[in-house]
Amino acid sequence: MHRIEIEAEINLMNENRRYARENRKILRENGAVAVNIMGAIGSGKTLLIEKTVEMLGDVKIGVILGDVVCSADYSRISKYDVCARAINTGKECHLDAHLIHETLKMMSGLDLILIENVGNLVCPVDFDLGENFRVVIVSVTEGDDVVEKHPEIFRLADVIIINKIGLAEYVDADVDKMERDARKLNEKAKIIKMDLKLNAGLGEWIEFLRGVLDVSRNSGRSCRT
Amino acid sequence: MSFALMILENVLRMAEENGARAVKKIRVEVGELLMVNPDQLEFCFRAISKNTPAENADLEIETLKAKSLCQSCGSELDSVHSRCSCGGWMEIRGGKEIVLRRIEMEVEDAQDRN
Ligand SMILES: Nc1nc2c(ncn2[C@@H]2O[C@H](COP(=O)(O)OP(=O)(O)OP(=O)(O)O)[C@@H](O)[C@H]2O)c(=O)[nH]1
Ligand SMILES: [Mg+2]
Ligand SMILES: [Zn+2]
């Protein structure tokens with residue numbers, strides 16, 4: 001019996017990237033679009049998913065919920081006729097590509113997969129899930145400096161949603177300042193001012209989703225022929 | 001949980017490749033900006049490595065500090081700062097890697113097998 005020592009030098013972030021690539025491949029093969037929804041605790045991620053499911057009745061939707069401990073969000077979503085899965089992240093502050101890999105493999109026959117990340121504006125940034133689009137939802141009640149305080153997550157977003165605008169006047173938040181901050185950080189992102197309780201901005205969001213679903217459907221068709 | 005799982009998968013793969021019967025020590029380095037809690041990582045690793053050759057391994061976790069580099073004067077600090085004492089803005093480098101650095105394991109000698 002003897003001991004050996006191996007210099008492994010394995011960068012585990014590359015492992016996440018490898019799983020993200022695999023996830024992207026699974027999505028492509030299944031012809032589904034995945035959207036990674038990030039935002040602080042209570043910013044409206046679950047309610048956005050509920051409204052989306054209600055408004056896209058003709059689309060086959062899957063929902064993955066990254067839940068820290070309890071499954072309150074899961075019971076909210078499983079009321080609907082969608083394929084919902086909760087992933088218990090333990091104390092982890094983000095989802096990663098490896099955590100959702102098995103779940104994604106099981107979700108076939110869907111057009112759209114909505115992924116609710118763990119409520120956090122910092123940690124999810126570093127973990128590519130293999131998603132096709134990244135959405136950040138912030139609410140005015142987090143303070144109108146929330147965008148400038150978390151530049152990185154906004155820089156990498158495809159869609160930035162400023163939610164609960166109906167409450168702006170009560171919390172003295174300047175919605176236009178938040179929008180300007182977001183635009184300064186990210187020239188290309190679609191910015192939507194929203195209030196999920198007042199159904200404001202939802203049309204724009206649904207239009208965005210329909211657009212990406214159309215593109216996915218058309219590219220899928222040309223691939224198969 | 002998933003970093004623990006990635007560590008375990010890689011360790012077990014290498015143990016098998018080397019014909020090891022037990023893993024003795026694992027060294028992992030984690031960038032501080034990943035916000036990985038070492039106790040949590042260790043706890044998860046203990047839970048999932050039960051009944052594997054890695055179950056009694058020492059898990060050594062070192063936290064790697066991020067550095068700040070001043071864009072004006074070029075000075076480097078070993079922690080996260082946004083402004084340098086010269087007034088310049090600082091750029092953050094590193095602190096976001098997680099590396100499985102070294103594994104020690106026990107391998108049977110040829111004569112042990114007889
Ligand atoms: N007034 C108002 N309330 C909202 C709006 N959007 C969400 N809420 C409320 O804010 C609370 C949190 O919403 P959720 O959808 O659960 O937020 P979440 O981001 O999923 O929260 P976590 O999963 O805990 O991170 C709920 O009570 C919602 O009803 C909005 O636009 N306006
Ligand atoms: Mg939620
Ligand atoms: Zn300086």
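The zinc ion (ligand 3) is held by four protein donors, B:Cys70 (SG), B:Cys73 (SG), B:Cys84 (SG) and B:Cys86 (SG), at distances of 2.3 to 2.4 Å, where donors are N, O and S atoms within 2.8 Å of the metal (3.2 Å for Na, K and Ca) and sites may look incomplete because water is not among the atoms. The model is a predicted one, in which local features need pLDDT of at least 70 and side-chain atom pairs count only at pLDDT 80 or more, while totals for chains, interfaces and linings use all residues. Residues are numbered from 1 along each chain as its sequence is written, chains are lettered from A and ligands numbered from 1 in the order in which they are written, and side-chain values use heavy atoms, with hydrogens and water left out.

## Metal sites

The angles subtended by the four donor atoms around the zinc ion (ligand 3) run from 104 to 118°, and the arrangement is therefore tetrahedral; for four donors this term requires all angles to lie between 85 and 135 degrees. Ideal angles at a metal are 109.5 degrees for four tetrahedral donors. Along the chain the zinc donors follow the spacing C-x2-C-x10-C-x1-C. Of these, B:Cys70 belongs to strand β3 (residues 67–70) of chain B and B:Cys86 to the loop between β4 (76–77) and β5 (90–93) of chain B, so that the pair, 16 residues apart, links distant parts of the chain. Helices (H or I, at least four residues) and strands (E, at least two) are DSSP runs, numbered from the N terminus. B:Cys70 is buried at 4% relative accessibility, whereas B:Cys86 is partly exposed at 44%; buried means under 20% relative accessible area, exposed over 50%, and partly exposed in between (1.4 Å probe, protein chains only).

The magnesium ion (ligand 2) has as protein donors A:Thr46 (OG1), A:Asp73 (OD) and A:Glu116 (OE), which lie 2.0 to 2.2 Å from it. Their spacing in sequence is T-x26-D-x42-E. A:Asp73 in helix α3 (residues 72–77) and A:Glu116 in strand β5 (residues 112–116), both of chain A, are 43 residues apart and link distant parts of the chain. A:Asp73 is buried, with a relative accessibility of 18%, and A:Glu116 is buried too, at 5%. The donor A:Thr46 is also listed among the buried residues of α2(A), which include A:Lys45, A:Leu48 and A:Ile49. Because eight of the 11 residues of helix α2 (residues 45–55) of chain A are buried, this helix is largely enclosed by the rest of the structure.

## Core and salt bridges

The largest nonpolar core holds 32 residues, among which B:Ile7, B:Ile26 and B:Leu100 touch the most other members; such a core is a set of buried Ala, Val, Leu, Ile, Met, Phe, Trp, Tyr and Cys residues joined through side-chain atoms within 4.5 Å. At least two residues each come from β1 (2–11) and α1 (12–30) of chain A, and from α1 (2–17), β1 (20–31), α2 (38–49) and β6 (98–107) of chain B. The most is given by α1(B), with eight residues.

Over all chains the count comes to 35 salt bridges, each being a side-chain nitrogen of Lys or Arg within 4 Å of a carboxyl oxygen of Asp or Glu. The table lists some of them.

| Pair | N to O distance |
|---|---|
| A:Lys190 and A:Glu204 | 3.9 Å |
| B:Arg27 and B:Glu60 | 2.6 Å |
| B:Lys65 and B:Glu32 | 3.8 Å |

B:Arg27 is buried at 18% relative accessibility, while B:Glu60 is partly exposed at 29%. B:Lys65 is exposed at 52%, and B:Glu32 is partly exposed at 25%. A network of salt bridges links A:Glu9, B:Lys25, B:Arg27, B:Glu29, B:Glu60, B:Glu62 and B:Arg101. Within this network, A:Glu9 has a positive phi of about 50° although it is not a glycine; A:Glu9 lies in strand β1 of chain A and is partly exposed at 42%.

## The β7–α7 loop

A:Asp172, in the loop between β7 and α7 of chain A, likewise is not a glycine and has a positive phi of about 55°, and A:Asp172 is exposed at 71%. A:Tyr170 lies in the loop between β7 (159–163) and α7 (175–185) of chain A and is exposed at 63% relative accessibility.

Methods:
Four donors count as tetrahedral if all angles lie between 85 and 135 degrees; four count as square planar and six as octahedral if opposite donors are over 155 degrees apart and all others between 65 and 115; anything else is irregular.
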